[in-house]
Amino acid sequence: MFIPLTLTGCLSTEERRGEAKEKDVYELSIAIDSQEDTVTGIFMNKFADLLEEKSKGRMKINRFPNSQLGGDGEITEAVQNGNIAFVVQTTAPQVSFVPEAAIFDAPMAFKNLDVARKVLDGELTEKLKEYYANKKLILLGYADQDFRVMSSNKKVEKMSDLKGIKIRTMENPNHIAFWKLVGANPTPMAWSEVYIGLQQGSIDAQENPIETIVASKVYEQQDDIILTNHILHTLCLIGSPSIINELPEELQKIIYEAADEAKVYARKMTDERNESRVKIIEDSGTKIIPFNEKLFNDMRAASEPVWKSLEEQIGKDLVNTLRSEIDKAEKE
Ligand code: MLT
């Protein structure tokens with residue numbers, strides 16, 4: 001919501017253009033579908049704090065965590081329509097609005113967070129900004145909640161170990177295709193059924209970021225967490241052009257600066273939180289199997305048909321940009 005809270009009265013139009021704009025206080029909303037005690041919530045709060053600090057109170061940010069303004073689809077639509085100024089969310093639900101956000105479904109893209117974060121700050125994101133803009137969204141930056149990794153009750157040390165493993169996946173055709181290509185048996189299932197599915201043995205494995213694995217206590221039902229790093233869990237900050245572009249220029253500048261700083265902070269928090277969550281898993285007796293370059297490369301080679309299919313879904317240019325940005329980042 002965009003409401004100038006205080007407007008200087010009794011001024012001529014000319015005066016208002018200059019003087020009043022400096023005194024107006026703008027009340028803006030930011031919403032997330034997630035709970036506040038997540039990196040999504042931390043990203044939201046840091047960004048909101050920075051906007052208030054840097055604007056010396058000229059921007060007042062109302063924060064709505066925990067689906068208070070609706071689920072991911074509804075809040076994205078509200079940003080498009082100019083009813084909410086900002087949203088932080090992962091890219092998966094954005095695909096319904098900006099199909100090109102499916103570029104982050106490309107499996108086995110990033111070996112580690114260093115490579116992923118370099119790519120997220122590079123040319124790919126510059127190109128994606130145009131696709132978001134075409135859909136009435138301003139892409140302000142990407143942080144991450146680390147990678148989706150596999151947890152399993154069957155040993156996975158090499159690619160042949162994946163053969164036939166019944167792994168729960170999300171209802172995402174690119175994810176399902178990927179798990180089939182590496183030899184597993186993907187089983188889409190509601191997230192709420194995963195814990196019991198593992199407990200009862202109707203599935204052997206699942207995949208999610210470490211933070212989610214700990215928050216849901218899924219590790220209690222798994223022998224191993226295998227650091228497959230197969231898909232990045234992106235966190236994307238978007239803004240509403242019909243709100244942002246109407247703000248005084250100096251406030252617009254603050255928004256872009258704050259987004260950059262909040263993104264870096266959210267990444268740091270991801271790293272810190274992961275350390276403590278890894279300890280919780282290890283203390284429980286569930287093993288963490290470290291990143292294995294050979295397994296990663298074998299899974300990457302097998303997943304090539306998903307990349308080809310993405311070229312058809314969202315165009316060769318974006319997929320080629322991702323490929324070349326990864327190459328560049330891996331060599332740095
Ligand atoms: C899933 O695997 O369904 C999600 O990553 C779980 C979540 O939303 O936290």
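This passage describes the nonpolar cores and the ligand site of a predicted model. Local features require pLDDT of at least 70 and side-chain atom pairs pLDDT 80 or more, while totals for chains, interfaces and linings use all residues. Residues are numbered from 1 along each chain as its sequence is written, and side-chain values use heavy atoms, without hydrogens and water.

The largest nonpolar core (buried Ala, Val, Leu, Ile, Met, Phe, Trp, Tyr and Cys residues joined through side-chain atoms within 4.5 Å; buried means under 20% relative accessible area with a 1.4 Å probe, protein chains only) comprises 68 residues. I103, F110, L128, Y132, M150, W179 and L322 have the most contacts inside this core. Beyond neighbours within four places in sequence, L128 contacts (heavy atoms within 4.5 Å) E100, I103, F104, L139, Y142 and L318. A second, separate core has 31 residues, among them M44, I61, V88 and I255.

The ligand is surrounded (heavy atoms within 4 Å) by R148, R168, M170, W191, N208 and T212. Polar side-chain atoms of R148 and N208 lie 2.9 Å and 2.6 Å, respectively, from an oxygen atom of the ligand. For R168, a side-chain N or O atom is 2.7 Å from a ligand oxygen.

Key:
Buried < 20%, exposed > 50% of the residue type's maximum accessible area, 1.4 Å probe, protein only. Polar contact = N/O pair within 3.5 Å; in protein donor to acceptor, adjacent residues only side chain to side chain.
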